[in-house]
Amino acid sequence: MKPGVQINLRAKHQEEDKTRGNQGAKIKLHVKSQDGQKVYFLIHGHTKLKKLLKVYCDYQYLDFTSTVFLFDGARFHGEQTPDELGMKDGDEINAMFHPTEIQRAQINLKVTDQYGQNVFFHIHKRAQLKKLLKAYCNRKYLDFDSTVFLFNGARFCGEQTSDELGMKDGDVIYAMFHQTKNQGAEINPKVEEELKEAVDLVDELNAEAETLVHLECLQLSE
């Protein structure tokens, strides 16, 4: 969308926003399953919740049509918006469902580097670990091909699955790497400090999740 269009839309709804207060602003919500796991979302107050609920079901390998969602103890439908339901920042949606065979095959894994920093992932047992390892390298600004991953003291390849390696829920993968020139000397010190602060903030958010090993915020747009 062009910047000019965004400005015009703000101007068009400026008077309406004054009367509606914070309606339409982005708020943080989380969906909590009956086993206590939480998944976090950012969503506009005027966006239909159906989009958020479908993303949640896809993430948890759930059938959307057979999953019941509750807010303040009452069931609601996806055509409603957070504003219509009076949701506020930090509110909780409860999801009720019967675990499927696919969902029971998911596990939580932790990748730890030589500096003790952790990144958490939620993965299907039969999914190749390569996708997880590449996501880890992208987040840590690492070269995938020169990063060594170990499980139970042995190196493994990304073509294997967690099931093939006998991984269980909560297991740890160790990442070993050497800082490259591109990762260190060529980074502006100010930018490097900002990146460090961003990583620290994410680590704090992970630590604050009481029952969820994997914390993921999804940005939803209209």
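## A walk from a small hairpin to two cores

Select strand β8 (residues 148-151) and then β9: the two run antiparallel, with 2 bridges joining them. Helices (H or I, at least four residues) and strands (E, at least two) are DSSP runs, numbered from the N terminus. Two strands count as paired if DSSP finds at least two bridges between them. Within this pair, F151 stands opposite A154 of β9.

Before going further, two notes on what is on screen. Residues are numbered from 1 along each chain as its sequence is written, and side-chain values use heavy atoms, with hydrogens and water left out. This is a predicted model, where local features need pLDDT of at least 70 and side-chain atom pairs count only at pLDDT 80 or more, while totals for chains, interfaces and linings use all residues.

**The turn between the strands.** Click on N152, in the loop between β8 and β9. Its phi is positive, about 55°, although N152 is not a glycine. Is N152 buried or exposed? N152 counts as exposed because its relative accessibility is 68%; here buried means under 20% relative accessible area, exposed over 50%, and partly exposed in between (1.4 Å probe, protein chains only).

**Back into β8.** Now pick L150, which sits in strand β8. L150 counts as partly exposed, because its relative accessibility is 23%. Show its contacts (heavy atoms within 4.5 Å): leaving out residues up to four places away in sequence, L150 touches R155, F156, V172, I173, Y174 and M176. If you draw a C-alpha to C-alpha distance from L150 to M176, you get 8.0 Å, for residues 26 apart in sequence.

**The whole sheet.** Widen the selection to the open sheet of 5 strands, ordered β7-β6-β10-β8-β9, with mixed pairing. At its edges are β7 (118-124) and β9 (154-155), each pairing on one side only. Add helix α5 (residues 130-140), which packs on this sheet and touches β6 (106-113), β7, β8 and β10 (172-176). The direction of α5 makes about 155° with that of β7; axes are lines fitted to C-alpha atoms, for helices over the stretch in contact, and angles run from 0 to 180 degrees between N-to-C directions.

**Down the barrel of α5.** Turn the view until you look along the helix. L132, L133, Y136, C137 and K140 are the buried residues to colour in α5. They line one face of the helix, because they fall within an arc of 135° seen down its axis; the arc is that of the directions from the helix axis to the C-beta atoms. An α-helix has 3.6 residues a turn, so residues three or four places apart point the same way. On the other side of α5, look for K131 and N138, both exposed. Just after α5 comes Y141, in the loop between α5 and β8. Y141 has a positive phi of about 60° although it is not a glycine.

**A hidden serine.** Which loop holds S162? S162 lies in the loop between β9 and β10. S162 counts as buried because its relative accessible area is 0%. Leaving out residues up to four places away in sequence, S162 touches I107, L109, H124, K125, A127, L129 and M167.

**Two cores.** Next, switch to the largest nonpolar core, which has 20 residues; Y56, F69 and I93 have the most contacts inside it. A nonpolar core is a set of buried Ala, Val, Leu, Ile, Met, Phe, Trp, Tyr and Cys residues joined through side-chain atoms within 4.5 Å. β1 (26-33), β2 (38-44), α2 (49-59), β3 (68-71) and β5 (92-96) are the elements giving two or more residues to this core. Its largest share, 6 residues, comes from α2. Centre on Y56, which touches V31, S33, V39, F41, L62, F69, A95 and F97, not counting residues up to four places away in sequence. Apart from this core lies another, of 19 residues, among them I107, V111, Y136 and F177.

**Zooming out.** Colour the chain by pLDDT, the predictor's confidence in each residue, from 0 to 100. The protein chain averages 75, and 66% of the residues score at least 70. Over residues 1-23 the pLDDT is below 50, and this stretch has 4 contacts in the model beyond near neighbours in sequence. Residues 182-188 also stay under 50, with 8 contacts beyond four places in sequence. Where pLDDT is low, the predicted coordinates should not be read in detail.
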